[in-house]
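Look at the cysteines and histidines in the model below, and then at the aromatic residues. The paragraphs after it go through them in turn.

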Amino acid sequence: EAAAAAAAAARRPYMVRGHAKEVAQQKNAAKQAALKKSGTQKGAAEKKLNFLCPLCKSTMVNYIQMKQHYDSKHPKERVPEESSFAAS
């Protein structure tokens, strides 16, 4: 049994735990830097939200969604004109 374990250890590269930790930290740092540089999907989505409901402060992507929002959430209110929403 000991001979089989020694032979198996000789066949595969042996990585010391301290070295494995360093490698993992370097890979993680590179991954985090790439994420920070490229941004996030959530951040990109928030940039597209241009229409803010004046009643409940919900954000919509376009005027059609704003009209649907008013129909479902504020049925007694009138939908403001599209020109009244400032593009952000």
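A disulfide is taken here as a pair of cysteine sulfur atoms within 2.5 Å. The whole structure has zero disulfides by this test. Cysteine 53 is in none, and its nearest cysteine sulfur, that of cysteine 56, is 3.6 Å away. The two cysteines can also be described by burial, where buried means under 20% relative accessible area, exposed over 50%, and partly exposed in between (1.4 Å probe, protein chains only). Cysteine 53 is buried because its relative accessible area is 0%, whereas cysteine 56, at 34%, is partly exposed.

This is a predicted model, in which local features need pLDDT of at least 70 and side-chain atom pairs count only at pLDDT 80 or more, while totals for chains, interfaces and linings use all residues. Residues are numbered from 1 along each chain as its sequence is written, and side-chain values use heavy atoms, with hydrogens and water left out. The predictor's confidence in each residue, pLDDT, runs from 0 to 100. Its mean for the protein is 78, and 64% of the residues reach 70 or more. Helices (H or I, at least four residues) and strands (E, at least two) are DSSP runs, numbered from the N terminus. Confidence is lowest in helix H1 (residues 2–11), with a mean of 62, and highest in H4, with a mean of 91. Where pLDDT is low, the predicted coordinates should not be read in detail.

Histidine 74 lies in the segment after helix H4 (63–73). It is buried because its relative accessibility is 13%. Contact means heavy atoms within 4.5 Å. Leaving aside neighbours within four places in sequence, histidine 74 is in contact with Cys53, Leu55, Cys56 and His69. With the same neighbours left aside, the contacts of cysteine 53 include Ser58, Met66, His69 and His74.

The largest nonpolar core, a set of buried Ala, Val, Leu, Ile, Met, Phe, Trp, Tyr and Cys residues joined through side-chain atoms within 4.5 Å, has seven residues: Phe51, Cys53, Met60, Tyr63, Met66, Tyr70 and Phe85. H4 gives the most to this core, with three residues.

Phenylalanine 51 is buried, at 12% relative accessibility, and tyrosine 63 is buried too, at 14%. In which strand and which helix do phenylalanine 51 and tyrosine 63 lie? Phenylalanine 51 is in strand S1 (residues 51–52) and tyrosine 63 in helix H4, so their aromatic pair ties together parts 12 residues apart in sequence.
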